[in-house]
Amino acid sequence: MPMADAVTTPTTTPHQTHGEPIVEARGIGKSFGELEVLSDIDFRLEPSEVVCVIGPSGSGKSTLLRCLAFLEPYDHGSVYIDGQLLGYEERGGMRVRARESRVDAVRAPVGMVFQHFHLWPHRTALENVTEALRLVNGLSRRDAEAEGMAMLERVGLAERAGHFPESLSGGQKQRVAIARALAMQPRVMFFDEPTSALDPELVGEVLDVMKQLAHDGMTMAIVTHEMGFAAKVADRVVFMDQGRIIESGPPETLFRTPRSERLQQFLNTWR
Ligand code: ADP
Ligand code: MG
């Protein structure tokens, strides 16, 4: 497939030699009415790869993640999760939609964390984590609680298990949301600006958890404005503007030697 933009050729990463991508999008297009929000996007995530997506507000970052998880149906192209079609593909010149009943199963390996944590207010931290384990995975209360505690431990919140969201800080709430996603044993995690709603002093504790996940080999796509984090943790940074991928490559290349004027301008606003 041709890449989305002629400004640069995206740089390959060492991961790309490892075989099957966990997420692969080919030629994704999406419009809301007249507004073209995504335009011919190609996107791959290799096992254990950490990709940070950066770009100005309104450039299509959230829509891209949502289309990759098929929370938003896209208009053109195809998305594959672990080699399985999620959404549509072209067959013999026809646009064919994957069976509706397959969507949940194909999307199951994807864990998502959003800017706003979407915790159940009347459930404790532990209950927020165990809810899907019990309802979706059918675990017994005891098994779900053991698993839930292990996940809270992983994000450093075991001692807050019995607390309700209102008595947790924003950073703690976001860590509960991460634990909840991890409990479903995702093969890949999507984060959409996970620290943007947090007070500055709480950002670090969430980024530390994400850093640890990266260290543990989790495959991640992270929309973020935290350039320091992206520089340190990302294997690859993708810069989007106006619904297109303008540049993609290792953080040291993108941040030190941005090739497009748009990325140069964007980085200047964050320096
Ligand atoms: P980003 O996450 O980079 O800020 P978004 O993906 O949220 O960008 O939005 C890209 C563009 O699509 C914006 O112009 C936004 O207003 C528009 N948009 C996003 N969601 C919708 C929607 N549900 N209906 C109409 N327009 C939308
Ligand atoms: Mg967004």
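**Exercise 1. What radius of gyration would a compact globule with 271 residues have, and what does the protein chain have?**

Start with the expectation: for 271 residues, a compact globule would come out near 18 Å. Next, take the value for this predicted model: the protein chain has 19 Å, so the two agree. For the outline, the C-alpha atoms fill a box of roughly 55 × 50 × 40 Å along the principal axes.

**Exercise 2. Work out what share of the protein chain is buried, and how its contacts are spread along the sequence.**

First, burial: 52% of the 271 residues are buried. Then look at contacts between residues at least 6 apart in sequence; 64% of them join residues at least 24 apart. Finally, turn to the outside: the accessible surface is about 12800 Å², and carbon and sulfur atoms account for 49% of that.

**Exercise 3. Find the annotated domain and describe its make-up.**

Begin with the record: an unreviewed UniProt entry puts "domain: ABC transporter" at residues 23–267. Now the secondary structure: the protein chain has nine helices and 12 strands, and residues 23–267 are 37% helix and 28% strand. Last, check the ends of that stretch, whose C-alpha atoms sit 27 Å apart.

**Exercise 4. Asp82 and His118 have a positive phi; where do they lie, and are they buried or exposed?**

Recall the background: most residues other than glycine have a negative phi.

- Asp82, with phi about 50°, is in the loop between strands S4 (76–81) and S5 (84–85). Its relative accessibility is 33%, so Asp82 counts as partly exposed.
- His118, with phi about 55°, lies in the loop between strand S8 (110–113) and helix H3 (125–135). Exposed means over 50%, so His118 qualifies at 55%.

Notes: Residues are numbered from 1 along each chain as its sequence is written. Chains are lettered from A and ligands numbered from 1 in the order in which they are written. This is a predicted model: local features need pLDDT of at least 70, side-chain atom pairs count only at pLDDT 80 or more; totals for chains, interfaces and linings use all residues. Side-chain values use heavy atoms; hydrogens and water are left out. Helices (H or I, at least four residues) and strands (E, at least two) are DSSP runs, numbered from the N terminus. The radius of gyration is taken over C-alpha atoms; the globule rule is 2.2 Å times the number of residues to the power 0.38. Buried means under 20% relative accessible area, exposed over 50%, partly exposed in between (1.4 Å probe, protein chains only). Contact means heavy atoms within 4.5 Å. Accessible areas come from the Shrake-Rupley method with a 1.4 Å probe; for residues, only the protein chains shown count as cover. UniProt positions are given in the numbering used here, feature names are shortened, and annotations may be inferred rather than shown by experiment.
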